[in-house]
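This text leads through the structure shown below, starting from a single residue and moving on to cores, charged pairs and cysteines.

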Amino acid sequence: MTIKYAATAVERQIKITEEAGRIENLGAPIHNSTSHAAVFTKSEDGRDIMYLSLDGSAGEDARLGTIDLNEERLVHILPMPGAMGGFSMTKAGDESIYVATHNQGNVYRYTPWNRKLEVLGRPTPETTFGYALTSVGEDAVFGGTYPGAVFYQYRPGEGFKLFGSQPFEPGEHYVRSLAHWPEAGVTYVGIGSHPRLKRFNHRTGEVKELLPEAYYNDEFVYDLNIEGGKLFVRLNPSNRLLVYDLSMDDSGKCTEKFEREVPGVNSLGVSPLYAGAVYYTYIGKLYRYELDSGRSVSLDVDTTILPFKLDFVELADQQQFPGKTLVGVGSRLGRTRLFKYNPQNGNLRISDLEIEGVPTNVQSIATASDGRLYIGAFLVGGTSIFDPESDTFTEYKGVGQTENTAELDGRLYFSAYPHAKLFEYDPAKEWTLSRHTDEPNPRLLFDLSAEEQDRPYGLAVGRGKLYIGTICGYGKRGGAIISYDPRTGERCVYRNPLPDLSIVALVYANDKLYAGTNIWCGLGIMPSRKEAELLVFDPERGEARGISLPVPELRAITALIEGQDGQLWGMAEGWLFVFDPRTETYTHMAHLFPEIDYRESIWRDASLKFGRDGRLYGTIQGRYFFAYDPDQRKLDIIAEDGARFLADDRQGRLYFSDGKTRIRRYSPQ
C-alpha cells in the first residue's frame, strides 16, 4: 500500500473564542423516568411501599424513590451520588435496602429508620456494574460484578468479602445472577457472557457446574429464583426457563434434578410462590407455572411491560383486589409502569407513575431531508426531533437505544440496540408507536438476534438498499454486513466478513461498501486481532477484503465519510487518514490527537463532517470539537469541554452533544 503524503506534524491551536464561531447550548432533547430494579416491602407505619432505583445519566444522579403502592405515588426520593442507575436491589434481614449501581460500580445502603443513604464503595477497583443482590442473614448481602465476574458478600462493619476465584469462572466477565439456599449453605451463581450455572458450597468452597452443555449456546444465566423447592434458571437471549427440583439428604448433600425447559419467559425471573404456582410474563402476556404438574397456563392478560420485579402484596382495596395481588413493575415509553393483577377475580390495573423525568444521554444525531434533526437516547431510548427553524425539541417514545439513522426514499431507518433492531419511520405520517395501533409508525422491520448481532452502528445507503454494519452479541466475535431492500423486504446477512473484526462505520461509494472496523467484539470476550483494517465489500459478489492501515497497531477506525473529491476520510484512534478508493492508496495522514490511544475496549468514538467553509469538522473522545484544514495542515480545537456525534442543518450550522445529555450548536463565523 502506498502513501502519497507522509505523516508530518500538524499545527494545533485552541480557539475557544467568538473568532472561531459561536457555540449555543440548546438543552436536553430527551427525558425519561424509567427504572430497572425494585423492592416491595412495608414502611415503618405499615404502608405497602416499593423502593425504586430510578435511572440517571451522565451528570444526572440516579435516584432512590419510595412509592406508595396503594396510592401509586412517589412519597420520597433521594439522589444516589455518582450513580447512573441500578440493575439490582434487595432488602436485607434488618429492613435496610441495598442497591448495586453503574457506571462507577458502587453499592448503596439505605436505612429506612433514619432515611440515611450510605455509599459503600465498589466490591473491587475494576467494578463498573453491579448485579444480583441477594439477602443473606440479618444484614448482609451477596452480589455479582462486571467486569471481573466477582461473587462477593457485604456485611456492615466487615465490608466486602470475595468468594471463590476471581473471576469466579475463568475467562468470564459477568456474575449476572445469584440465588441463595440458606438451609443447604449453598449459593447458585449465574455466569455470562458464556452461560454457566455454578453451585458454590460456603462450608467447603466446592464449585460444581450444573448447566447442561446443550445450553452453552446462549449468552447469560440471567436470572435465578428459588421457590417451592425448585430452582428457576432463566437464560438470555433465548428466554428459556430451566426448572430444577432441589433436595437435600440428612448429611446435607444437595441434589439438583433437571425437570424441564419452559420456553418463552422474558420477565426478569419468576414471582414468589402463590397457591402452588409462580407467575411470569412473555412479551407482556401473563402466565402461571404450576409446580406440581409442570404446566404453563396463559392467563390471557396483557401487562404491557417486561417486568423486572414481581411480588405478591395484600393491597388496601380488598374489594377490588381481595387477598394477595400480583404486582409487577417495569419501564415503558420512558416511564415506570405498574400492573396489579388479582388471581382471585382477574382484576387488572395498569398505571404509569408520575415521576419527574431526567435528561437521558444522547446516543445518536442525524439530519434528514426535511431539515430536522433526529436524536436518539441511550439505554431506555426515546427519540427527539429538533426543528432548527423554531429551535424546538419534540419527544417521542417507543424506539430503544438508537445507534444510527439513515434515510432512503423518504423513509427514515433507525438502527437500535439490543439485538440489532431496524425500525422504519414515515415522517409524513403521525408518530404512533407510543400507543396501541395496528399500523405503528415507526414499525419494527426485523432484528438480528438469530444472526448473533447486537449493536448496529454502521448505516449506509446505495442503489436503493440499506446497509447495516454491526457488532456481535455478548461473548462472541465478528460483526456482520446486512443488506436490506425496502421494496421487496429481502435481506442478506454477511457474517464475519473480516474474521473477528466488528463493523462500526459504513460508506457506500463507487458501487462498493467501505467500512471502519474494530478489534473489540461483544462484551465478555477478549479480541483475537491486534489491528483494525479498512474493509472493502462488493455487495454484488458478497466478497470482502481488508486493507491495512499505514500506521501499525491501530485498533479501531471509528469514523468514515466520503468527501466531495470522492476520497474517504476517516479517524483511527488519534490519526486522520484519507483513502482514495480508485487507486486504493492513502493520500493523507495526520496525527491530530497523539494523546488518544485505544488501549482499552472502545466501539465508536469520532464523528466527521465537512463544513461549508471546506474545513473538516469533527468530534472525538466525547470531549473535543475541532476543525481541520488539510491544505494548511492546521487543527483548531473549538471546544474541549464536551463534544460527541455531529450533524448539520440547512444553514450550515453544526450540532453535537456535550458528551452527556445536552445538544450544542456551532455557528461558524
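**From one threonine to the cores and charged pairs**

T66 sits in strand β6, which covers residues 62–68. The model is a predicted one. With a relative accessibility of 7%, T66 counts as buried. Which residues does T66 contact, once its neighbours within four places in sequence are left aside? They are I49, M50, Y51, R73, L74, V75 and H76. T134 can serve as a distance reference: T66 and T134 are 68 residues apart in sequence, and their C-alpha atoms are 20 Å apart in space.

The next topic is the nonpolar cores. In soluble globular proteins, nonpolar side chains tend to be buried together. In this model the largest nonpolar core has 41 residues. The residues with the most contacts inside this core are M571, L592 and F593. Strand β44, residues 502–509, supplies the largest share of the core, namely four residues. There is also a second, separate core of 21 residues. Among the residues of this second core are A149, F151, V175 and I191.

Charged pairs come next. Side chains of opposite charge can pair when their charged atoms come close. The model has 48 salt bridges by count. One of them joins the side chains of R545 and E584, with an N to O distance of 2.4 Å. Which parts of the chain does this pair tie together? R545 belongs to strand β47 (residues 543–548), while E584 is in the loop between β50 (575–580) and β51 (585–591), so the salt bridge ties together parts that are 39 residues apart in sequence. R545 is partly exposed, at 39% relative accessibility. E584 is partly exposed too, with a relative accessible area of 21%.

A further salt bridge is formed by the side chains of R664 and D641, at 2.8 Å from N to O. This pair links distant parts of the chain: R664 is in strand β58 (residues 663–667), and D641, 23 residues apart from R664, is in the loop between β55 (634–639) and β56 (644–648). Is each partner buried or exposed? R664 is buried, with a relative accessible area of 8%, whereas D641 is exposed, at 56% relative accessibility.

R653 and D649 make another salt bridge, in which the closest N and O atoms are 2.8 Å apart. R653 counts as buried at 13% relative accessibility, and D649 counts as buried at 6%. Elsewhere, salt bridges with shared partners join R22, E24, D391 and R665 into one network.

The cysteines remain. A disulfide is a covalent bond between the sulfur atoms of two cysteines. How many disulfides does a search of the whole structure find? The search finds zero. For C521, the reason is one of distance: the closest cysteine sulfur, in C472, is 5.0 Å from the sulfur of C521, which is too far for a bond. The cut-off for a disulfide is 2.5 Å between the sulfur atoms. C521 is buried, with a relative accessible area of 3%. C254 is another buried cysteine, with a relative accessible area of 10%.

Notes
Residues are numbered from 1 along each chain as its sequence is written. This is a predicted model: local features need pLDDT of at least 70, side-chain atom pairs count only at pLDDT 80 or more; totals for chains, interfaces and linings use all residues. Side-chain values use heavy atoms; hydrogens and water are left out. Buried means under 20% relative accessible area, exposed over 50%, partly exposed in between (1.4 Å probe, protein chains only). A salt bridge is a side-chain nitrogen of Lys or Arg within 4 Å of a carboxyl oxygen of Asp or Glu. Helices (H or I, at least four residues) and strands (E, at least two) are DSSP runs, numbered from the N terminus. Contact means heavy atoms within 4.5 Å. A nonpolar core is a set of buried Ala, Val, Leu, Ile, Met, Phe, Trp, Tyr and Cys residues joined through side-chain atoms within 4.5 Å.
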